[in-house]
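Biologist: I am new to this one and would love a guided look. Could you show it to me and take my questions as they come?

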Amino acid sequence: MRPDDALAQASKLIDDGADAVDVGGESTRPGATSVSADVEIQRVIPVIERIQTAHPGALISVDTNKSEVARRALDAGAEIVNDVSAGRLDDSMPSLLAGSDCGVVLMHSRGSVEDMASYEHANYGRNPSAEIAEELGRRAQEMEEAGIDRNRIVLDPGIGFSKRSEESISLLRNLDDFLALGFPILVGPSRKRFVREILGSNLSGRGKEVSLTNADRDIGTVGASVVALAAGARLFRVHDVWSHRRALDVAWALLKS
């Protein structure tokens with residue numbers, strides 16, 4: 001995506017009600033290939049700079065597992081580093097983050113960029129949510145030991161990353177395992193496989209032809225996000241900001257009352 005197109009998308013997300021915009025230059029979709037830090041920097045820095053200019057004060061997150069990309073992004077104005085490897089893939093990431101005052105999102109995953117969205121490492125025991133929480137808790141502890149204040153850390157269970165649908169569903173049903181670690185929880189259920197499978201199963205069970213659009217999956221994602229909010233999640237990474245902003249605002253008002 002060209003920087004100007006990325007700015008247009010960021011502007012739409014902000015207008016739709018996003019509290020932060022996540023900027024990434026390396027795909028983690030199934031079959032993705034890793035790119036160099038230089039390529040990633042060329043992709044994300046112009047976008048961050050354009051967002052800063054067009055939306056002064058906008059909260060910007062950089063989605064990267066490379067410390068050099070994170071450093072350049074923070075220098076350019078990003079205030080959050082969202083690492084889908086929770087620091088596993090770059091030994092310099094903890095010290096880089098410790099030397100900053102940025103927010104830190106640690107997402108659970110296994111494997112490399114090339115296979116973390118596959119099932120190659122989806123080998124769990126009888127209690128996957130507890131196992132995943134234990135792994136992610138260790139990563140958070142290592143970040144704290146590196147000098148990062150725990151008040152700056154958010155945990156993401158990594159729905160859909162190295163997880164089959166049943167394991168992703170288990171995470172949403174057992175967010176208490178992650179809340180017990182004492183950090184705010186971010187979830188990213190948006191358009192994930194389990195949403196598509198649930199919707200498709202329900203439609204086919206009613207004798208209807210299954211052909212799901214992104215809009216269908218977005219509506220299903222709203223349902224998953226509301227459940228996660230009620231279970232204790234407080235941050236949501238989604239595609240469809242407009243619907244989520246309104247649905248979660250209403251759900252939150254009802255939960256508080």
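**A guided tour in questions**

Modeller: Happy to! Let us begin with two strands: E1 and strand E2 (residues 60–63) run parallel and are joined by 4 bridges. Please keep in mind that this is a predicted model.

Biologist: Which residue of E2 does Val23 stand opposite?

Modeller: Val23 is on the covered face of strand E1 (residues 21–24), together with Val21. Asp22 and Gly24 make up the uncovered face. In a regular strand the side chains alternate between the two faces of the sheet. Across in E2, the partner standing opposite Val23 is Val62.

Biologist: Which helix gives the most residues to the largest nonpolar core?

Modeller: That core has 51 residues, and the members touching the most others are Ile51, Leu97 and Leu106. The greatest contribution, 6 residues, comes from helix H2 (residues 37–54).

Biologist: Which residues does Ile51 contact, leaving aside neighbours within four places in sequence?

Modeller: Val21 and Val23, from the covered face of E1, are both among the contacts of Ile51. The list also has Ile60, and E2 covers residues 60–63. In full, the contacts are Leu7, Ala10, Val21, Val23, Pro56, Ala58 and Ile60.

Biologist: Is Ala73 buried or exposed?

Modeller: Ala73 belongs to helix H3 (residues 67–76). Beyond four places in sequence, Ala73 touches Ile45, Ile48, Val62 and Ala78. Its C-alpha is 6.1 Å from that of Ile45, although 28 residues separate the two in sequence. The relative accessible area of Ala73 is 0%, under the 20% cut-off, so Ala73 counts as buried.

Biologist: Which residue has its backbone nitrogen 2.8 Å from a polar atom of the Asp156 side chain?

Modeller: Asp156 sits in strand E5 (residues 153–156) and is buried, with a relative accessible area of 0%. Its contacts beyond four places in sequence include Leu106, His108 and Arg237. The backbone nitrogen at 2.8 Å from a polar side-chain atom of Asp156 is that of Gly158.

Biologist: How many aromatic pairs does a search of the whole structure find?

Modeller: Some rings do have a charged end over them: Arg150 sits over Phe183, 4.1 Å from the ring centre. Likewise, the charged end of Arg164 sits over the ring of Tyr119, 5.3 Å from its centre. For pairs of aromatic rings, though, the search of the whole structure gives 0.

Note on methods. Residues are numbered from 1 along each chain as its sequence is written. This is a predicted model: local features need pLDDT of at least 70, side-chain atom pairs count only at pLDDT 80 or more; totals for chains, interfaces and linings use all residues. Side-chain values use heavy atoms; hydrogens and water are left out. A nonpolar core is a set of buried Ala, Val, Leu, Ile, Met, Phe, Trp, Tyr and Cys residues joined through side-chain atoms within 4.5 Å. Buried means under 20% relative accessible area, exposed over 50%, partly exposed in between (1.4 Å probe, protein chains only). Contact means heavy atoms within 4.5 Å. A polar contact is a pair of N or O atoms within 3.5 Å; within protein, one must be able to donate a hydrogen and the other to accept it, and residues adjacent in sequence count only if both atoms are side-chain atoms. Rings of Phe, Tyr and Trp (its six-membered ring) pair if their centres lie within 6.5 Å; planes under 30 degrees apart count as stacked, over 60 as edge-to-face and the rest as tilted. A charge sits over a ring if NZ of Lys or CZ of Arg is within 6 Å of the ring centre and within 35 degrees of the ring normal. Two strands pair if DSSP finds at least two bridges between them.
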